[in-house]
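Biologist: I would like to go through this model with you, term by term. Tell me what stands behind each label.

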Amino acid sequence: MDLKQIFKTPNPIIGVVHLQPLPTSPRWGGDLKAIIGRAEQEATALASGGANGIIVENFFDAPFAKDRVDPAVVSAMTLVVERLTNLVTLPIGINVLRNDAHSAIAIACCTSAQFIRVNVLNGIMATDQGLIEGQAHQLMRYRRELGSDVKILADVLVKHGRPLGSPNLTTAVQETIGRALADAVILSGWTTGSPPNLEDLELASAAAAGIPVFIGSGASWENISTLMQAADGVIVSSSLKRNGRIEQPIDPIRVSQFVEAARRGLSEKEANRDNSAGRQAPELGKVKSTMG
């Protein structure tokens with residue numbers, strides 16, 4: 001997955017548009033026009049604040065269906081994504097919660113969205129929706145049938161879930177990439193708003209061996225400069241909301257603050273890489289001199 005080609009940067013910041021309750025969800029309010037209007041406001045806030053991409057989620061549809069959502073949800077999300085693609089120039093992705101990757105990739109294909117997020121691509125996770133089993137074999141065949149190049153960002157040991165068995169993080173990352181064929185992997189904390197720790201990010205990045213690793217939850221302007229030392233990109237939502245409250249709309253000022261902090265972390269990462277290369281150079285010269 002070439003991040004620079006899709007996002008115009010090798011280290012994208014992807015903001016999340018949490019859709020208000022959609023048709024057939026328990027809290028559906030009956031006003032799709034208002035849902036679209038808020039989504040447009042939040043997409044504009046992300047674009048103006050400097051985000052590099054957007055992912056659209058049916059976040060407020062909870063409690064979620066375990067796998068396939070109602071067709072009305074698919075229709076509503078398709079309408080929203082279509083409106084956003086005509087409003088902003090940022091690449092757009094889709095996550096149909098809890099784990100309806102087939103609907104996500106279908107929406108993406110019909111709206112020219114560039115990527116989807118899949119919470120459980122392979123393995124089995126025990127969640128509040130019950131046992132969710134990854135269907136990588138079906139999804140990859142479906143993508144091929146559609147003739148699509150939509151990229152698949154897959155969570156590893158997804159938040160709000162526990163794996164059956166005790167998989168090693170390195171093995172989980174390697175299997176998600178090598179056997180389930182994810183284009184990138186996402187590492188989160190255990191719940192919404194909790195970040196992965198730096199050591200796990202470093203372990204995941206080493207196991208991914210060049211495949212992009214995204215921070216999937218808990219990133220804030222206070223911790224992003226540290227977390228970005230060990231990741232290629234970040235998916236962020238809660239900390240961009242007004243007053244940091246999940247139910248509030250996205251605040252463009254908070255987006256700008258987050259983007260600035262993330263770029264600061266990337267500058268530090270680049271400086272550390274340059275310093276490391278500088279320390280190695282004399283040793284290489286010494287060896288060459290001795291050989292001569």
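Modeller: Start with Asn99. This is a predicted model, and in it a polar atom of the Asn99 side chain lies 2.8 Å from the backbone nitrogen of Val120. The same side chain also reaches the backbone nitrogen of Asn119, at 3.3 Å.

Biologist: What makes the approach of Asn99 to the backbone nitrogen of Val120 a polar contact?

Modeller: The cut-off is 3.5 Å between N or O atoms, with one able to donate a hydrogen and the other to accept it. Asn99 to Val120 is 2.8 Å, so the pair qualifies. Asn99 to Asn119 is 3.3 Å, so that pair qualifies too.

Biologist: Where is Asn99, and why is Asn99 called buried?

Modeller: Asn99 sits in the loop between β3 and α4. Buried means under 20% relative accessible area. Asn99 has 13%, so it counts as buried. Its contacts, leaving out residues up to four places away in sequence, are Lys66, Asp67, Val118, Asn119, Val120 and Ile132.

Biologist: What is odd about the peptide bond between Leu97 and Arg98?

Modeller: That bond is cis, with omega about 10°. Arg98 is in the loop between β3 and α4. A second cis bond runs from Ala62 to Pro63, with omega near 0°. Pro63 lies in the loop between β2 and α3. Most peptide bonds are trans.

Biologist: How do you know that β3 and β4 pair?

Modeller: Pairing takes at least two bridges. Two bridges join β3, residues 92-95, to β4, so the strands pair, and they run parallel. Gly93 stands opposite Phe115 in β4. The chain goes from β3 through helix α4, residues 101-111, to β4. That β-α-β crossover is right-handed.

Biologist: Which strand pairs with β4 over four bridges?

Modeller: That is β7, residues 151-155, again in the parallel sense. Here Phe115 stands opposite Lys151.

Biologist: Which way do the residues of β4 point, and are they buried or exposed?

Modeller: Phe115 and Arg117 point one way from β4, Ile116 and Val118 the other. All four are buried.

Biologist: Which residues have the most contacts inside the largest nonpolar core?

Modeller: They are Ile94, Ile116 and Leu121, in a core of 71 residues. Leu121 touches residues including Gly134, Leu139, Met140, Ile152 and Ala180. Nonpolar side chains in soluble globular proteins tend to be buried together.

Biologist: What makes Arg68 exposed, and Arg245 partly exposed?

Modeller: Exposed means over 50%. Arg68 has 52% relative accessibility, so it counts as exposed. Arg245 has 47%, which falls between the 20% and 50% limits, so it is partly exposed.

Biologist: Where do Arg68 and Arg245 lie, and what do they meet?

Modeller: Arg68 is in the loop between β2 and α3. It touches Asp100 and His102, not counting residues up to four places away in sequence. The C-alpha atoms of Arg68 and His102 are separated by 8.0 Å, with their positions 34 residues apart along the chain. Arg245 is in the loop between β11 and α9. A polar contact of 2.8 Å joins its side chain to that of Glu247.

Biologist: What stands out about phi in Lys8 and Leu181?

Modeller: Phi is positive in both, near 65° in Lys8 and about 70° in Leu181. Neither residue is a glycine. Most residues other than glycine have a negative phi. Lys8, in the loop between α1 and β1, has a relative accessible area of 68%, so it is exposed. Leu181, in the loop between α6 and β9, is partly exposed at 47%.

Biologist: Why is the chain called as compact as a globular protein of its length?

Modeller: Its radius of gyration is 20 Å. The globule rule gives 19 Å for 292 residues. The two are close, so the description holds. The chain has nine helices and eleven strands, and 51% of its residues count as buried.

Note on methods: Residues are numbered from 1 along each chain as its sequence is written. This is a predicted model: local features need pLDDT of at least 70, side-chain atom pairs count only at pLDDT 80 or more; totals for chains, interfaces and linings use all residues. Side-chain values use heavy atoms; hydrogens and water are left out. Buried means under 20% relative accessible area, exposed over 50%, partly exposed in between (1.4 Å probe, protein chains only). A crossover is right-handed if, with the strands pointing away from the viewer, the path from the first strand over the helix to the second runs clockwise. Contact means heavy atoms within 4.5 Å. A nonpolar core is a set of buried Ala, Val, Leu, Ile, Met, Phe, Trp, Tyr and Cys residues joined through side-chain atoms within 4.5 Å. The radius of gyration is taken over C-alpha atoms; the globule rule is 2.2 Å times the number of residues to the power 0.38.
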